[in-house]
Amino acid sequence: MAAVALTDHAVEIAPGVHWVGALDPHLRSFDIILKTANGTSYNSYVVRGENGVAVIDTVKENFSDDFFRRLESVARYEEITTIVLNHLEPDHSGALPELLKRAPQARVYLSSRAQMMLKALLKPSGEKPPEYTPVTTGDEVDLGGRTLRFLHTPYLHWPDTQCTYLVEDGLLFTGDIFGCHFCDNRLFNDTVGDFRFSFEYYYAHIMRPFREYVLDAIALIDPLEINLIAPAHGPVLRHKPRDYVHRYRELATPRLFNEARSEKTLVVFYLSAYGNTRRMAEALAAGAESLGGVRVSLYDLEGGEADIFTDLVEEADGLAFGSPTINADAVKPIWDLLSSLTTVNIKGKLGAAFGSYGWSGEAVRLIEDRLRGLKLRVPVEGLRIKLVPDAGELEACWLLGEQLARHLTGQVEHREIEFSQLQAITA
Amino acid sequence: MPKAKITFQDIGVTVTVPAGTRLIEVSEKVGAGITYGCREGECCTCLTKIISGGENLAPPSILEDQVLKDNMAPRNHRLACQAQVIGGDIVVKPA
């Protein structure tokens, strides 16, 4: 952060449009998962029209004083007709209950998915929810000579997220997209320090799991004339704002064509202390390849880092995990990988587990439970084999691979089973 | 006890279950692609398309109905964590 302190006043970002947010330079981790070496900012904006004033988002609750001081420097509470909530996470809605008390006449505009969150946020205040209007793409609010138009951009990075476009000025208020955790009181992208690392880091940790939604949002944003992007964290993007949209498109699109995608892909990760789980993995891979149409890749987790494998996981259609059981658990590199997957979308991928064991063989079931928890589908029961797999057991591994390939290629034969049978299998 | 048959179209499996079973009790065990979040009828993660046999599910509760509306769920969609089979044949797939 620059040495010169920001004043208590609002900062004009366009004629009649002000930043009224707050700086949090001493924050060192955000939401537990993100490092913030110079803190962050909570950006809130005020738009003045001829017939009313709109406040777009608020700040984290313990920065409310900064927010209200800046807000009061450009508007009176009785002038506020409109409160727009682009995203209801507490770092943007923390000052909302108090703002509603000070401007009770204001109508709240938010996405349809945000309604339940609004009610949940206001629970502790005991206040009845304010008058609100759920909005979607194309809905508008007239402030008098100035129009706010909404864009439905869900899952960036919560279900409730939306963007708001100030039509006449070409200003886009984007909530968390195009934001970053970077605290610099010079505020604008052409005056702050080099923040590009933070922009990319933020995308990688917050937006990457939702890359399909990022591309949907860009499709809505692309046709707009954009003079400035005002995100909810980090610098206000007034110089070459469209570059940031292009960069998001690049980040959300794999840069090299994935040649393996001409077929379904199955990635088999394994660890093996004595070669037994490795032999299982090789037999499973051979079975999966036997069917045709599935490209199988084998990786020993001892030979790489979880971060690198995360990229493979994101692109794969199916994932099989092989682990021996040591002290009644799967081994740590498996858990390291399975706890690193929150940054990619793995919902609905095919999952399976297998492994050799000496005593009790808990690893396979534990991995299957974790895969279900991660929202993978696990239609084929995993394989546990005691110590050294014999020819018949390797044949079972081969068949497991073949079954996985059938699921990946849509060649599963229809099965009819009794519920009681199902319960016995999975007990 | 009356029985019902639930077919999970995405994985090609039909399970015969006792009437009163909820979809969630079966779909995970059988490995269908329906995924769950809160498991309490709030988050809408387990939105499921009812291909046929919707009349063989107990009607949605007020809570489920509200969550379906809030999430703009299309017709013939239910929450798998809430929907309870009452008999007959039902065919479902992830939304």
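**Close-up 1. The largest nonpolar core of the predicted model has 72 residues.** Within this core, A:Tyr45, A:Val46 and A:Ala230 touch the most other members. Helix 5 of chain A (residues 196–207) contributes the largest share of the core, five residues. Apart from this core lies another, made up of 47 residues. Its members include A:Val267, A:Val294, A:Leu319 and A:Ile334.

**Close-up 2. Contacts of A:Tyr45 outside its sequence neighbourhood.** Neighbours within four places in sequence are left aside. A:Tyr45 is then in contact with A:Val17, A:His18, A:Trp19 and A:Val20, among others. Its further contacts are A:Ile56, A:Phe173 and A:Ala230. A:Ala230 also appears with A:Tyr45 among the core residues that touch the most other members.

**Close-up 3. A cis peptide bond between A:Leu156 and A:His157.** Omega of this bond is about 15 degrees. A:His157 is located in the loop of chain A that runs between strand 13 (147–152) and strand 14 (162–166).

**Close-up 4. A positive phi at A:Ile32, a residue other than glycine.** The value is near 70 degrees. A:Ile32 sits in the chain A loop between strand 4 (29–30) and strand 5 (34–35). A:Ile32 counts as exposed because 5 other C-beta atoms lie within 10 Å, and the limit for exposed residues is 12 or fewer.

**Close-up 5. A positive phi at B:Cys44, again in a residue other than glycine.** Here phi is near 75 degrees. The loop that holds B:Cys44 lies between helix 1 (23–30) and strand 3 (47–52) of chain B. B:Cys44 has 22 C-beta neighbours inside 10 Å and is therefore buried, the threshold being 20 or more.

Terms used. Residues numbered from 1 in each chain as written. Chains lettered and ligands numbered in written order. Predicted model: local features only at pLDDT ≥ 70, side-chain atom pairs only at ≥ 80, totals over all residues. Core = buried A, V, L, I, M, F, W, Y, C linked by C-beta atoms within 7 Å. Helix = DSSP H or I, 4+ residues; strand = E, 2+ residues; numbered from the N terminus. Contact = placed C-beta atoms within 7 Å.
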